[in-house]
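You asked for a quick walk through this one before you open it up yourself. Here are my notes, point by point.

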Amino acid sequence: DHLFITFLWMTGVRIGEAVAVQKQHISLDRDEIKILWQKNKKYNWRTIAVHPSLMKMLMLYCTPKKYDDLLFDFSRQNADLIVKKWFGSGVSCHMFRHSFAVNYLRQSSTPQDILVLQRLMGHKNIQTTMNYLQIVPNDMNEGLSKINFY
């Protein structure tokens, strides 16, 4: 349960993407995971970078698994039950995706970071990613306070 929740939090992937990850999709030497996602009944792949601490956890967890085994051997519904078990009925798996995006933007330091986030999230349209900028309006005050107008 802990690894699954950590995986959602540190990757920002959709729940359907998380439960579709197989051991063979994880590149331990490059700290990357291939993510399979579906849009309009069409499957696509994207490769995302993975935080080194998560990659260490995945390395230990995947060792006994076979090459084509699923990383998490449960359904989307069971995944949602796991999250609700630990965080209560008001929390969903998708909230971790939003939390990942907001956390990433709060810690970003360059304008290009929004493009990196777009790729990590698998958004085709940058406007979808930019919607997360509206979630953190209080952070604008902090950014503006760093600007020197003298």
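**Notes on the model**

1. Let's start with one residue: Asn-44 is buried, because its relative accessible area is 16% and the cut-off for buried is under 20%. You'll find Asn-44 in strand 3, which covers residues 42-49. Leaving aside residues up to four places away in sequence, Asn-44 touches Ile-35, Leu-36 and Trp-37. Strand 2 spans 32-39, so those three partners of Asn-44 fall within strand 2.

2. Now the overall picture. Keep in mind that this is a predicted model. The protein has eight helices and three strands. Reading from the N terminus, the order is α-α-β-β-β-α-α-α-α-α-α. Of the 150 residues in the protein, 36% are buried. The accessible surface comes to about 9800 Å², and carbon and sulfur atoms hold 56% of that surface. Take the contacts with a separation of 6 or more: 56% of them join residues 24 or more positions apart.

3. A contact of that sort turns up at Thr-6, which sits in helix 1 (residues 2-11). Is Thr-6 buried or exposed? Thr-6 counts as buried, because its relative accessibility is 12% and the limit is under 20%. Not counting residues up to four places away in sequence, Thr-6 touches Leu-54 and Met-57. Thr-6 and Leu-54 are 48 residues apart along the chain, yet their C-alpha atoms are separated by 7.7 Å.

4. On to the charged pairs. How many salt bridges are there? The count is five. One of them joins the side chains of Arg-46 and Glu-17, at 2.9 Å from N to O. Arg-46 belongs to strand 3 and Glu-17 to helix 2, so this pair ties together parts that are 29 residues apart in sequence. Both residues are out of the way of solvent by the numbers used here: Arg-46 is buried, and Glu-17 is buried as well.

5. A second salt bridge pairs the side chains of Glu-32 and Arg-30, at 3.2 Å from N to O. What does the exposure of these partners look like? Glu-32 is partly exposed, with a relative accessible area of 25%. Arg-30 is exposed, because its relative accessible area is 55% and exposed means over 50%.

6. Another salt bridge brings together the side chains of Asp-80 and Lys-84, at 3.7 Å from N to O. These two residues are four apart in helix 4 (residues 76-87), so about one helical turn separates them. Asp-80 counts as partly exposed at 24% relative accessibility, and Lys-84 is partly exposed too, at 28%. Elsewhere, salt bridges that share partners link Arg-14, Glu-17 and Arg-46 into one network.

7. Two members of that network come back at the second largest pocket, which has a volume of about 370 Å³. Its lining takes in 18 residues, and those closest to the pocket centre are Arg-14, Glu-17, Trp-37, Gln-38 and Lys-39. Which elements give two or more residues to this lining? They are helix 2 (15-18), strand 2 (32-39) and helix 5 (93-107). Strand 2 gives the most, with four residues. By class, the lining has six nonpolar, seven polar and five charged residues.

8. Last, a backbone detail to look at. Asp-31 has a phi near 55 degrees, a positive value in a residue other than glycine. Most residues other than glycine have a negative phi. Where is Asp-31 found? Asp-31 is in the loop between strand 1 (26-27) and strand 2. At 27% relative accessibility, Asp-31 counts as partly exposed.

Conventions:
Residues are numbered from 1 along each chain as its sequence is written. This is a predicted model: local features need pLDDT of at least 70, side-chain atom pairs count only at pLDDT 80 or more; totals for chains, interfaces and linings use all residues. Side-chain values use heavy atoms; hydrogens and water are left out. On a 1 Å grid over the protein atoms alone, a cavity is a set of points where a 1.4 Å probe fits but cannot get out, and a pocket is an open set with protein on both sides within 12 Å along at least five of seven lines; lining residues have an atom within 4 Å of a point. Grid points are joined across faces, edges and corners, and a volume is the space filled by probe spheres set on the points. Ala, Val, Leu, Ile, Met, Phe, Trp, Tyr, Cys and Pro count as nonpolar, Asp, Glu, Lys and Arg as charged, and the others, Gly among them, as polar. Buried means under 20% relative accessible area, exposed over 50%, partly exposed in between (1.4 Å probe, protein chains only). Contact means heavy atoms within 4.5 Å. Accessible areas come from the Shrake-Rupley method with a 1.4 Å probe; for residues, only the protein chains shown count as cover. A salt bridge is a side-chain nitrogen of Lys or Arg within 4 Å of a carboxyl oxygen of Asp or Glu.
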